[in-house]
Amino acid sequence: MTAIVSARRVSKLFGALKALNEVSIDIPAGRVQCIIGPSGSGKSTLLRCINQLEKIDAGSMMVAGELIGYRIKGDALHPLSDAETARQRLKTGMVFQRFNLFHHQTALQNIVEGPVTVLKRPKAEAVDQAMALLTRVGLAEKRDAYPIELSGGQQQRVAIARALAMNPEIMLFDEPTSALDPELVGEVLTVMRDLASTGMTMIVVTHELGFAREVAHDVAFMDKGEIVERGEPAVVLSTPTQHRTRDFISAVLR
């Protein structure tokens, strides 16, 4: 299978902290890759490097067949311009823990903003697409609601629709249910299950082990900036070979 994301010995430093330590991973197109691990293990940093919110300090990363962050000229790597980086970033849609909706805009306006402003789509076309996406996430009746009028689960569903409106090739989810009350988690996971069933490539950082077991094609366990263990969900989540993986899963299920 062709890898749509390919990381080779990627490292990321924050001062003396090595958030990523020579991480290598290939993620095929059309697959759901879940990443689990304790806080501070590098999971979110890996997503942010894929989305170029952080620049890697060593190694290389390919996204959708393109080296990201740099271009090769002769024998040297040259950083991309901000405009080139922004163009590459359009290949990925990212959903954060804290929704990040524009509070002065309605649900519909939040979704329309990117396609009209960034992609220069006609307003009417963007509105039609936004309404289709709101319907898809079960929120058509909330088109004129402002974020403050929505529950956390509803805000996160709008955030998913907003990311999808940019027609990304890959969807990145950074613990999308961690800020939600327990009774609201299910409605967001239902939308994510539906999205996975369409063949969208998804990379999901999560503590929802049941979701990972049910939906993921592959699970990677990270700790201290490294991928410690990786494989099929039934294996990694039920019979992990590494003690760090076993300790983490036991703690989560306790």
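**Exercise 1. How α3 lies against α5**

Task: Work out how α3 is oriented relative to α5, using the distance and angle between their axes.

Solution, step by step. This is a predicted model, so let's read its geometry as a prediction.
- Start with the axes: those of α3 and α5 come within 8 Å and cross at roughly 25°.
- Angles under 35 degrees count as roughly parallel, so α3 is roughly parallel to α5.
- Next comes the handedness: the crossing of α3 past α5 is right-handed.
- Finally, look for the residues that touch: Ala107, Asn110 and Ile111 of α3 meet Val158, Ala161 and Arg162 of α5.

**Exercise 2. How α3 lies against α4**

Task: Which word describes the packing of α3 and α4, oblique or roughly parallel?

Solution, step by step.
- Helix α3 covers residues 107–117, and its axis is 9 Å from that of α4, at an angle of about 130°.
- That angle makes α3 oblique to α4.
- The two helices cross in a right-handed way.
- On the α3 side, the residues in contact are Ala107, Leu108, Ile111, Val112, Pro115 and Val116.
- On the α4 side, their partners include Lys123, Ala126, Val127, Met131 and Leu134.

**Exercise 3. A closer look at Leu134**

Task: Is Leu134 buried or exposed, and which residues does Leu134 touch?

Solution, step by step.
- Find Leu134 in helix α4.
- Its relative accessibility is 0%, so Leu134 counts as buried.
- Now set aside residues up to four places away in sequence: Leu134 then touches Ala107, Leu108, Ile111, Leu139, Ala140, Arg143 and Val158.
- For a distance check, take Gly231: Leu134 and Gly231 are 97 residues apart in sequence and 34 Å apart in space, going from C-alpha to C-alpha.

**Exercise 4. The buried side of α6**

Task: Where do the buried residues of α6 sit around the helix axis?

Solution, step by step.
- Begin with the dimensions: α6 spans residues 182–197, which is 16 residues. From first C-alpha to last, α6 reaches 24 Å, close to the expected 22 Å.
- List the buried residues of α6: Leu184, Val185, Val188, Leu189, Val191, Met192, Leu195 and Ala196.
- Because they cover an arc of only 155° around the axis, they are on the same side of α6.
- Now turn to the face that points away from this buried side, where you will find the exposed residues Glu183 and Ser197.
- What covers the buried residues? The cover includes the strands β3 (32–36), β9 (170–174) and β10 (201–205). It also includes the helices α4 (123–136), α5 (152–164) and α7 (209–215).
- Move just past the end of α6, and you meet Gly199 with a positive phi of about 90°.

**Exercise 5. Thr45 and its helix**

Task: How many residues of α1 are buried, and what does Thr45 contact?

Solution, step by step.
- Thr45 belongs to helix α1, residues 43–50.
- Buried means under 20% relative accessible area, and Thr45, at 14%, therefore counts as buried.
- Beyond its neighbours within four places in sequence, Thr45 is in contact with Lys12, Phe14, Ala19 and Leu20.
- Widen the view to the helix: six of the eight residues of α1 are buried, which leaves α1 mostly covered.
- Those buried residues are Lys43, Thr45, Leu46, Leu47, Cys49 and Ile50.
- After α1 comes Gln52, with a positive phi near 60°.

Notes. Residues numbered from 1 in each chain as written. Predicted model: local features only at pLDDT ≥ 70, side-chain atom pairs only at ≥ 80, totals over all residues. Heavy atoms only, no water. Helix = DSSP H or I, 4+ residues; strand = E, 2+ residues; numbered from the N terminus. Expected span 1.5 Å × (residues − 1). Buried < 20%, exposed > 50% of the residue type's maximum accessible area, 1.4 Å probe, protein only. Arc of directions from axis to C-beta. Contact = heavy atoms within 4.5 Å. Axes fitted to C-alpha atoms, helices over the stretch in contact; angles between N-to-C directions. Parallel < 35°, antiparallel > 145°, perpendicular 65-115°, else oblique. Left-handed = near helix turned anticlockwise from the far one by under 90°.
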